[in-house]
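Please walk me through this protein model, beginning with its interior and ending with its surface loops.

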Amino acid sequence: MTEMMRAVEISKPGGPEVLQLTKRPVPQPGHGEVVIKVAYAGVNRPDALQRAGAYDPPKGASDLPGLEASGEVVAAGAGVSGIAVGDQVCALLPGGGYAEYVATPAAHCLPVPKGLDLKQAACLPETFFTVWSNVFTRGGLKAGERFLVHGGSSGIGTTAIQLAKAFGARVFATAGSDAKCQACLELGAERAINYRDEDFVKVLREEGGADLVLDMVGGAYIPRNVKAMAEDGRLVQIAFLQGPKVELNFALMMVKRLTLTGSTLRPQSDLAKAQIAQDLREAVWPLIEAGKVAPVMDSEFALDEAAAAHARMESSGHIGKIVLKVG
């Protein structure tokens with residue numbers, strides 16, 4: 001293994017142009033960690049937040065962006081079991097994915113599902129960990145329930161639609177164009193709502209209300225979500241594209257017995273993430289290998305085109321996942 005590697009760093013807080021190619025030492029595996037020779041790295045909204053100076057890495061994590069990758073294990077630290085040098089994996093990362101090599105806890109690695117290549121596998125960890133932990137573990141989605149997901153054509157949205165459908169829920173999705181709505185329908189949504197033309201509150205109330213809402217928009221959507229929810233409904237908040245502060249009348253929450261909750265993935269403990277990985281391996285990887293669920297791919301950029309990849313993501317023109325080709 002070489003001593004130095006190519007990587008993309010955040011030269012200063014700002015727009016996509018602050019992402020710069022650099023040379024860094026190849027990371028070494030700590031206890032319980034592996035080093036992966038990266039083939040592809042996923043591009044996600046938290047990367048853009050970190051780039052803008054609004055989302056600091058957790059203590060001890062790499063300052064390089066990149067929260068998921070696929071590739072080959074090339075080194076393993078003490079205490080690693082169940083994974084060996086030479087294995088092809090995809091992994092949730094604490095950071096550092098925009099590089100030729102990255103270190104991550106072995107327990108956060110999953111095998112590349114049969115039938116998928118490394119490019120597709122790089123699109124799995126961040127969105128599947130997020131959706132599983134928020135929709136099924138925290139949100140408790142059950143078969144037959146009405147599930148509303150905002151941003152249905154995003155990486156999170158396309159994953160949430162497919163998994164909710166696979167587990168028997170009725171899926172409703174919002175998106176910002178007819179083409180994006182069509183993509184949601186093709187993935188298994190019963191109804192796709194173009195938020196530029198229709199009011200999702202009206203649509204859901206006519207159906208009896210949403211039992212579970214997954215929202216990454218925030219802002220003015222929060223009180224509207226509350227209105228759109230059924231009695232005993234749950235709202236899970238995972239991001240705030242329109243901001244985290246809003247005026248909310250809590251009386252409706254009491255009358256309808258609603259649960260308002262939320263989470264972020266990156267700051268959670270290594271143990272919590274390891275448990276999500278185990279859940280995915282048991283409950284979701286068989287669905288992927290059976291062809292019932294698959295990552296939706298938007299576009300691929302070279303590592304040195306990371307700025308263009310971020311510009312693509314922030315244009316909101318994409319449907320599904322954007323990846324960087326590294327190896």
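The paragraphs below treat the nonpolar cores, two helices, the largest pocket and a few loop residues in turn.

The model is a predicted one, and local features are considered where pLDDT is at least 70. In soluble globular proteins, nonpolar side chains tend to be buried together. Here the largest nonpolar core has 43 residues, and Phe-147, Leu-214 and Leu-280 are those with the most contacts inside it. Helix 3, which spans residues 125-138, contributes six residues, the largest share of this core. A second core, separate from that one, has 27 residues, including Ala-69, Val-102, Met-313 and Ile-322.

Leu-214 gives a view of the surroundings within the largest core. Leaving out residues up to four places away in sequence, Leu-214 touches Asn-134 and Val-135, the run Phe-147, Leu-148, Val-149 and His-150, and also Ile-156, Ala-160, Val-236 and Ile-238. Asn-134 and Val-135 are among the buried residues of helix 3, a helix that is mostly covered, with twelve of its 14 residues buried. The buried residues of helix 3 also include Glu-126, Thr-127, Thr-130 and Ser-133, alongside Phe-128, Phe-129, Val-131 and Trp-132. Just after helix 3, Gly-140 takes a positive phi of about 65°.

Helix 6, residues 200-207, can be read by its two faces. Its buried residues are Phe-200, Val-201, Val-203 and Leu-204, and because they cover an arc of only 165° around the axis, they lie on the same side of helix 6. The face turned away from that buried side carries the exposed residues Lys-202, Arg-205 and Glu-206. On the buried side, the packing partners are strand 8 (146-149), strand 9, strand 10 (191-194), strand 11 (210-215) and helix 7 (221-228).

The next feature is the largest pocket, whose volume is about 1200 Å³. It is lined by 46 residues, of which Arg-45, Ser-154, Met-216, Ala-239 and Leu-241 are the closest to its centre. Helix 1 (45-51), helix 3, helix 4, strand 9, helix 11 and strand 15 each supply at least two residues of this lining. By class, the lining has 20 nonpolar, 19 polar and seven charged residues.

Which residues does Phe-167 contact, leaving aside its neighbours within four places in sequence? They are Trp-132, Phe-136, Ala-143, Ala-283 and Leu-287, and of these Trp-132 and Phe-136 are buried residues of helix 3. Phe-167 itself lies in the loop between helix 4 (155-166) and strand 9 (170-175). With a relative accessible area of 31%, Phe-167 is above the 20% limit under which a residue is buried but not over the 50% that would make it exposed, and therefore counts as partly exposed. Phe-167 and Ser-81, which are 86 residues apart in sequence, are separated by 31 Å in space, C-alpha to C-alpha.

Two further loop residues deserve a look for their backbone. Most residues other than glycine have a negative phi. Arg-257, in the loop between helix 8 (251-256) and strand 13 (259-262), has instead a positive phi near 55°, and its relative accessibility of 41% makes it partly exposed. Ser-316 lies in the loop between helix 11 (306-315) and strand 15 (321-325), where its phi is near 60°, again a positive value in a residue other than glycine. At 34% relative accessibility, Ser-316 counts as partly exposed.

Notes
Residues are numbered from 1 along each chain as its sequence is written. This is a predicted model: local features need pLDDT of at least 70, side-chain atom pairs count only at pLDDT 80 or more; totals for chains, interfaces and linings use all residues. Side-chain values use heavy atoms; hydrogens and water are left out. A nonpolar core is a set of buried Ala, Val, Leu, Ile, Met, Phe, Trp, Tyr and Cys residues joined through side-chain atoms within 4.5 Å. Buried means under 20% relative accessible area, exposed over 50%, partly exposed in between (1.4 Å probe, protein chains only). Helices (H or I, at least four residues) and strands (E, at least two) are DSSP runs, numbered from the N terminus. Contact means heavy atoms within 4.5 Å. On a 1 Å grid over the protein atoms alone, a cavity is a set of points where a 1.4 Å probe fits but cannot get out, and a pocket is an open set with protein on both sides within 12 Å along at least five of seven lines; lining residues have an atom within 4 Å of a point. Grid points are joined across faces, edges and corners, and a volume is the space filled by probe spheres set on the points. Ala, Val, Leu, Ile, Met, Phe, Trp, Tyr, Cys and Pro count as nonpolar, Asp, Glu, Lys and Arg as charged, and the others, Gly among them, as polar. The arc is that of the directions from the helix axis to the C-beta atoms.
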